[in-house]
Amino acid sequence: KTNLLDHFENLAKIFNEKLEVVTSGENPIRELKKQRNMLQILPLKEDMFKKRFLFKYFYTNSDFIAFDMNKFNQLLIPISEE
C-alpha cells in the first residue's frame, strides 16, 4: 500500500493537484456520487471492456461500478493480472 500511495502522490504533484485518501466504513460508490470535479484513478483490467449492461447494478466489484459511472474524468492505469 505504501508504494501505491507514493505513486498517487507523484501523480498529484505532476498534475499540481491535492491528493486526499479517504478510508471509511461508508459505501464508496455513494460517496463518489456526491463529489464534484474529481479525477478517478482506476486499474485498467481486461474484464472492464466486456459487456455488462444487464447485471451492472448487481456488481460488487467497485472498480467496474466506478468505471461504468462515467460521471468523472478517469485515469486508467494498466495492471498486470496474474
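How many nonpolar, polar and charged residues are in the lining of the largest pocket? By class, the split is 18 nonpolar, six polar and eight charged. Keep in mind that this is a predicted model. The chain has 82 residues, and buried ones make up 18% of them.

**Overall layout**
- You'll find three helices and two strands in the chain.
- Reading from the N terminus, the elements go α-α-β-α-β.
- Helix α1 covers residues 2–14, and strand β2 covers residues 73–78.
- In between come α2 (28–33), β1 (39–44) and α3 (62–69), which, like α1, each give at least two residues to the lining of the largest pocket.

**The largest pocket**
- The space in the largest pocket comes to about 1,500 Å³.
- Its lining takes in 32 residues, and those closest to the pocket centre are Glu20, Val21, Val22, Leu32 and Met38.
- Two of those names turn up again below: Glu20 is in a salt bridge with Lys18, while Val21 is part of a nonpolar surface patch.

**Salt bridge**
- The salt-bridge count is one.
- The pair is Lys18 and Glu20, whose side chains meet at 3.9 Å, N to O; that passes because the cut-off is within 4 Å.
- Both partners, Lys18 and Glu20, are exposed.

**Nonpolar surface patch**
- Leu5, Leu19 and Val21 together make a nonpolar patch of about 230 Å² on the surface.
- Leu5 sits in helix α1.
- With a relative accessible area of 34%, Leu5 is partly exposed, and it can join a patch because the bar for that is over 30%.

**Asn16, a residue with positive phi**
- Asn16 isn't a glycine, yet its phi is positive, at about 55 degrees.
- Look for Asn16 in the loop between α1 and α2.
- Asn16 counts as exposed because its relative accessible area is 68%, and exposed means over 50%.

**Pro78 in strand β2**
- Pro78 belongs to strand β2.
- Is Pro78 buried or exposed? Pro78 is exposed, because its relative accessibility is 61% and the cut-off is over 50%.
- Pro78 and Leu42 are 36 residues apart in sequence, yet their C-alpha atoms are 8.8 Å apart in space.

Terms used: Residues are numbered from 1 along each chain as its sequence is written. This is a predicted model: local features need pLDDT of at least 70, side-chain atom pairs count only at pLDDT 80 or more; totals for chains, interfaces and linings use all residues. Side-chain values use heavy atoms; hydrogens and water are left out. Patches are made of residues with over 30% relative accessible area and no salt bridge: like charges are joined within 9 Å, nonpolar side chains (Val, Leu, Ile, Met, Phe, Trp, Tyr) within 5 Å. Accessible areas come from the Shrake-Rupley method with a 1.4 Å probe; for residues, only the protein chains shown count as cover. Helices (H or I, at least four residues) and strands (E, at least two) are DSSP runs, numbered from the N terminus. Buried means under 20% relative accessible area, exposed over 50%, partly exposed in between (1.4 Å probe, protein chains only). On a 1 Å grid over the protein atoms alone, a cavity is a set of points where a 1.4 Å probe fits but cannot get out, and a pocket is an open set with protein on both sides within 12 Å along at least five of seven lines; lining residues have an atom within 4 Å of a point. Grid points are joined across faces, edges and corners, and a volume is the space filled by probe spheres set on the points. Ala, Val, Leu, Ile, Met, Phe, Trp, Tyr, Cys and Pro count as nonpolar, Asp, Glu, Lys and Arg as charged, and the others, Gly among them, as polar.
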